[in-house]
Amino acid sequence: MSTTGATADPLATLGTLPGVAESVESMRKAVDRVYGHRVMRRRSNEITAEAALRGARGSAALSGADWALEEVRRRTDFSGDGEARTMGAALRLTAEAGQLLSIWRQSPLRVLARLHLVAAASDEDVVGRPRQQGEPVDEPLVELPLPSPAEVSGRLDGLSDLIIAGGSAPALVTAAVVHGELLALRPFASHNGLIARTAERIVLIGGGLDPKSVCPAEVGHADLGRAAYLAALDAYVSGTPEGMAAWIAHCGRAVELGARESTAVCEALQRGAA
């Protein structure tokens with residue numbers, strides 16, 4: 001998303017695109033249902049923990065580690081093959097997200113660097129900083145042309161400025177733009193998809209839409225499938241109003257599905273089945 005020549009609040013402008021308001025309203029209804037569930041009044045911590053686990057599983061699935069939920073529960077060692085390391089990174093990022101909310105609005109680039117450190121769990125030189133010229137990117141899902149480091153730097157700065165400035169845009173719109181930019185840019189040498197989805201989670205929590213983190217969009221993105229995810233990302237990268245609206249709607253649908261997943265968990269707990 002280019003901010004060149006943008007209005008004072010370009011994210012709010014995106015919120016006026018055709019279909020976006022409807023996506024926001026549909027998503028809010030799903031979120032309200034889970035927050036209004038009677039189980040949430042006394043067992044919200046359990047729902048939050050379960051949503052974190054399921055969200056990490058969904059995010060890892062989109063990055064090539066499509067494990068059954070029970071396998072994620074069972075495993076304690078994630079240091080084995082590539083899929084295990086991806087799952088471990090997703091779990092670490094989900095756990096870290098809640099610790100970074102206060103920093104995000106003041107220094108989003110610092111948070112992104114921290115997320116890469118957490119995901120990579122390595123002291124290699126490429127970890128915790130944007131990639132430099134000639135450095136390869138290991139991103140198993142996204143095959144779009146890779147922006148240059150100079151473009152990455154400029155667009156990250158623009159994104160950071162928008163976040164720090166704040167504005168009146170719905171949290172969904174801001175979260176979708178953050179997610180889409182990070183996927184399009186792939187600013188780090190690895191784990192960009194996991195980081196993009198974690199950043200989306202941070203915005204949704206910090207923006208007040210999902211303060212208890214019980215509506216894991218990552219679940220919805222995984223349920224909608226890789227093909228739909230990549231098609232929506234292509235629409236975002238096109239930069240057209242229709243493409244941007246399609247991406248925001250896709251992200252809204254993912255939040256809806258995450259909320260419905262947690263509603264089902266609430267109902268299972270109410271029945272004593274979970």
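These are my notebook entries on the cavities, helix packing and largest pocket of a predicted model.

**Entry 1: enclosed space**

I searched the whole structure for cavities of 30 Å³ or more and got 2. The largest cavity holds about 40 Å³ of space. I listed its lining as Gly 55, Ala 56, Ser 59, Ala 90, Leu 93, Thr 94, Leu 194, Arg 197, Thr 198 and Glu 218. Helix H3 (38-62), helix H5 (82-97) and helix H10 (192-206) are the elements that give two or more residues to that lining. Sorted by class, I noted 4 nonpolar, 4 polar and 2 charged residues around the largest cavity.

I then took the second largest cavity, with a volume of about 40 Å³. Arg 201, Leu 204, Asp 210, Ser 213, Cys 215, Pro 216, Ala 217 and Glu 218 line this one. At least two of the lining residues come from H10, and at least two from helix H11 (217-224). The class count here is 4 nonpolar, 1 polar and 3 charged. I marked Glu 218 in my list, since the residue appears in the lining of the largest cavity and in that of the second largest cavity.

**Entry 2: H9 against H10**

H10 had come up at both cavities, and I looked up its packing partners next. Helix H9 (residues 171-185) packs on H10 with the axes 8 Å apart and an angle of about 165°. An angle over 145 degrees counts as roughly antiparallel, so I recorded H9 as roughly antiparallel to H10. The crossing of H9 past H10 is right-handed.

From H9, the contact uses Ala 171, Leu 172, Thr 174, Ala 175, Val 178, His 179, Leu 182 and Leu 183. From H10, I wrote down Gly 193, Ile 195, Ala 196, Arg 197, Ala 199, Glu 200, Val 203 and Leu 204. By class, the contact of H9 with H10 has 11 nonpolar, 3 polar and 2 charged residues. Two H10 residues of this contact were already in my cavity lists: Arg 197 lines the largest cavity, and Leu 204 lines the second largest cavity.

**Entry 3: H7 against H10**

I ran the same lookup for helix H7 (residues 108-120) and H10, whose axes come within 10 Å and cross at roughly 130°. H7 and H10 are therefore oblique to each other. I noted this crossing as right-handed.

H7 brings Val 111, Leu 112, Leu 115 and His 116 to the contact, and H10 brings Ile 195, Thr 198, Ala 199 and Ile 202. I counted 6 nonpolar and 2 polar residues in the contact of H7 with H10, and no charged ones. Ile 195 and Ala 199 of H10 touch H7, and both also belong to the contact with H9. Thr 198, another H10 residue in contact with H7, lines the largest cavity.

**Entry 4: the largest pocket**

Last, I looked up the open space. The largest pocket has a volume of about 480 Å³. Its lining has 22 residues, and Arg 85, Ala 120, Asp 138, Ser 190 and His 191 are the ones nearest the centre. I found that H5, H7 and H10 each give two or more residues to this lining. Which element gives the largest share of the lining? I recorded H5, with 4 residues. The class split for the pocket is 9 nonpolar, 8 polar and 5 charged.

As a cross-reference, I noted that H5 and H10 also give two or more residues each to the lining of the largest cavity.

Note on methods. Residues are numbered from 1 along each chain as its sequence is written. This is a predicted model: local features need pLDDT of at least 70, side-chain atom pairs count only at pLDDT 80 or more; totals for chains, interfaces and linings use all residues. Side-chain values use heavy atoms; hydrogens and water are left out. On a 1 Å grid over the protein atoms alone, a cavity is a set of points where a 1.4 Å probe fits but cannot get out, and a pocket is an open set with protein on both sides within 12 Å along at least five of seven lines; lining residues have an atom within 4 Å of a point. Grid points are joined across faces, edges and corners, and a volume is the space filled by probe spheres set on the points. Ala, Val, Leu, Ile, Met, Phe, Trp, Tyr, Cys and Pro count as nonpolar, Asp, Glu, Lys and Arg as charged, and the others, Gly among them, as polar. Axes are lines fitted to C-alpha atoms, for helices over the stretch in contact, and angles run from 0 to 180 degrees between N-to-C directions. Angles under 35 degrees count as roughly parallel, over 145 as roughly antiparallel, 65 to 115 as roughly perpendicular and the rest as oblique. A crossing is left-handed if the near helix is turned anticlockwise from the far one by less than a right angle, and right-handed if clockwise. Contact means heavy atoms within 4.5 Å.
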